[in-house]
Amino acid sequence: MQITFAAPAVIKAGSWVVGATDGGALLPAALAADKASGGALTRALKFSRFKGSPGQMVEVLAPAGLAASRLLLVGLGKPETLDEKSLETFGAQIAGRLLGAGEAAATFQIDVPKGCKVKKDELAAHLAFGALLRSYVFNQYRTKNLEEYERKLTALTVLTPDAAAAKKAYAGLGAVADGIFMARDLVNEPPNILYPEEFARRIKSQLGKLGVKIEVLGESEMKKQGFGALLGVGQGSARESQLVVMQWNGGKAAKNGKKPKPVAFVGKGVCFDSGGLSLKPGAGMMGMKGDMGGAAAVTGLMLALATRKAKVNAVGIVGLVENMPGPDALRPDDVIKSLSGQTIEVLNTDAEGRLVLADALTYTQRRFQPKTVINLATLTGAIVQTLGYEHAGVFSNDEELVRRLLAAGRYTGERVWQLPLDPCYDKMIKSKIADMKNIGGGNSGAITAAQFLLRFIDKGTDWAHLDIAGVAWQDGEQKATIPSWGTGWGVRLLNRLIIEHYES
Ligand code: BES
Ligand code: MN
Ligand code: ZN
């Protein structure tokens with residue numbers, strides 16, 4: 001979808017979208033549209049229950065006296081409740097309506113109502129961003145009824161008094177959308193197509209040309225280096241495991257021999273999680289192509305950072321494996337040796353994500369000495385039981401980092417909620433014969449999984465673990481800005497965190 005910002009002008013084609021606030025008061029552009037159409041809007045309002053509530057709409061098709069194909073009046077609710085997030089939702093809801101109608105072009109002309117805290121340029125930018133997020137579609141594997149799914153809305157113009165300022169406010173958001181779309185694509189792809197090597201190839205082909213430095217470690221290299229935990233998970237699969245290292249160096253360069261410490265993002269990339277020999281039941285296995293949602297978010301984030309040339313030194317590392325019950329698969333009772341040297345008794349092969357992350361986290365810290373490491377993983381069913389679909393769980397050894405993530409979550413709508421780490425939970429992963437076991441074996445499964453990861457974090461590393469099992473994909477009702485199964489969750493959150501705290 002092509003997005004342009006322009007100064008107010010007469011609309012020559014497509015839909016003209018205007019706004020009203022709570023109570024139904026028409027904003028200036030809506031009044032102008034009503035006047036230009038000889039009162040078509042006020043007439044239509046008489047036959048509707050429109051009250052200007054958030055997301056309410058009234059539509060006039062082929063309004064007499066106008067070149068526009070339709071007038072669409074949108075309720076914005078109370079002006080003081082408007083923020084970046086709600087504007088994105090409105091943009092998405094409008095786009096949803098127009099996409100459903102098969103509209104090809106639209107012009108938004110929504111004034112800043114009195115009492116709204118958001119400035120006019122930001123308002124224009126976030127409406128456009130929301131509409132863009134809604135325009136995503138994954139049609140790769142349809143051969144029939146393409147017409148029904150086609151996105152006809154290809155041109156969006158946002159009218160705003162200072163188009164240059166709005167364009168500046170929007171700068172970067174388009175790049176973030178690119179990152180989100182790549183993450184959604186990766187999550188939506190079926191696992192027979194997107195296995196570890198294919199995932200790595202896509203990173204190379206889509207991020208390489210943006211100036212991201214990419215290295216891929218295959219099984220022989222990882223074996224040499226001692227990735228016993230990650231490789232253990234992959235050994236029941238016919239597909240080769242991979243570790244991909246992405247570096248974006250947009251920040252300050254090395255100074256007097258001292259390299260500035262990067263911020264690192266680590267993703268769980270289980271391209272399919274059958275459970276391994278601790279096989280999942282059929283219903284629980286469905287959707288496990290999305291068990292690489294953490295890796296998808298890290299990849300999408302790196303793409304966004306490079307596309308918008310972020311002034312940050314960031315590292316993205318994804319551990320890509322397939323968890324299958326092949327003849328060489330890990331057995332429950334096996335003991336494996338992680339890259340860190342610590343041994344792990346594998347009592348349940350379905351608790352595989354923590355094994356992949358353990359080695360990826362060790363590698364990340366050894367190689368880059370990052371000040372901050374954030375990992376994302378669809379790690380536990382327990383977090384879904386706990387927080388459902390509205391928050392990801394955050395576990396951290398640094399309260400300031402938690403505070404920052406909570407704030408970025410409130411701003412973007414990708415919200416997180418903190419859960420505890422404590423030695424009393426760590427006790428639950430003591431093994432009878434090895435340094436630790438890979439399951440807690442009781443309740444608090446999301447916490448014992450986090451305690452497991454903490455054992456692979458060096459002293460001095462600020463670390464946060466985001467358990468995104470409830471938010472990486474959506475099965476029920478879709479959110480306005482997320483029209484697909486794969487959500488791309490995490491790209492917006494971490495991009496915001498970087499803007500606020502890590503960009504120079
Ligand atoms: N990938 C799953 C977690 C998951 C479950 C994500 C449901 C999304 C929806 C993970 O690898 C897993 O299987 N975890 C087990 C751990 C258990 C064996 C200790 C779980 O949560 O049941
Ligand atoms: Mn599993
Ligand atoms: Zn898993």
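What spacing do the donors of the zinc ion (ligand 3) follow along the chain? In this predicted model, the donors are spaced K-x4-D-x17-D-x60-E, and the views below begin at that site.

**View 1. The zinc ion (ligand 3) and the residues that coordinate it.** Lys268 contributes its NZ atom, Asp273 and Asp291 contribute OD atoms and Glu352 contributes OE, with distances to the zinc ion of 2.0 to 2.4 Å. The arrangement is octahedral because the six donor atoms around the zinc ion subtend angles of 78 to 176 degrees. For six octahedral donors, the ideal angles are 90 or 180 degrees.

**View 2. Asp273 between the zinc ion (ligand 3) and the manganese ion (ligand 2).** The two ions are 3.1 Å apart, and Asp273 coordinates both of them. Asp273 belongs to strand 10 (residues 263-273), whereas Asp291 sits in the loop between helix 11 (282-285) and helix 12 (293-307), so this pair ties together parts that are 18 residues apart in sequence. Asp273 counts as buried because its relative accessibility is 3%, and Asp291, at 1%, counts as buried too; the cut-off for buried is under 20%.

**View 3. The manganese ion (ligand 2) and its protein donors.** Asp273 (OD), Asp350 (O), Asp350 (OD) and Glu352 (OE) lie 2.1 to 2.2 Å from the manganese ion, and in sequence these donor residues are spaced D-x76-D-x1-E. The angles among the six donor atoms run from 71 to 169 degrees, and the site is irregular. Distant parts of the chain are linked here, with Asp273 in strand 10 and Asp350 in the loop between strand 13 (343-346) and helix 13, 77 residues apart. Asp350 has a relative accessibility of 22%, so this residue counts as partly exposed.

**View 4. An open sheet of eight strands with mixed pairing.** The strands follow the order 8-9-11-10-14-18-15-16. Strand 8 (213-217) and strand 16 (416-418) stand at the edges with a single partner strand each, so one side of each has no neighbour in the sheet. From one strand to the next, the twist averages 20 degrees. Strand 8 pairs with strand 9 (residues 242-249) in the antiparallel sense over five bridges, and the bridge partner of Leu217 in strand 9 is Leu243.

**View 5. Helix 13 (residues 353-368) packed on the sheet.** Helix 13 touches several strands, among them strand 8, strand 9 and strand 10, and its direction makes about 155 degrees with that of strand 10. Helix 18 (residues 491-501) lies across strand 10, strand 14, strand 16 and strand 18, and runs at about 170 degrees to strand 14.

Key:
Residues are numbered from 1 along each chain as its sequence is written. Chains are lettered from A and ligands numbered from 1 in the order in which they are written. This is a predicted model: local features need pLDDT of at least 70, side-chain atom pairs count only at pLDDT 80 or more; totals for chains, interfaces and linings use all residues. Side-chain values use heavy atoms; hydrogens and water are left out. Donors are N, O and S atoms within 2.8 Å of the metal (3.2 Å for Na, K and Ca); water is not among the atoms, so sites may look incomplete. Four donors count as tetrahedral if all angles lie between 85 and 135 degrees; four count as square planar and six as octahedral if opposite donors are over 155 degrees apart and all others between 65 and 115; anything else is irregular. Helices (H or I, at least four residues) and strands (E, at least two) are DSSP runs, numbered from the N terminus. Buried means under 20% relative accessible area, exposed over 50%, partly exposed in between (1.4 Å probe, protein chains only). Two strands pair if DSSP finds at least two bridges between them. Axes are lines fitted to C-alpha atoms, for helices over the stretch in contact, and angles run from 0 to 180 degrees between N-to-C directions. Contact means heavy atoms within 4.5 Å.
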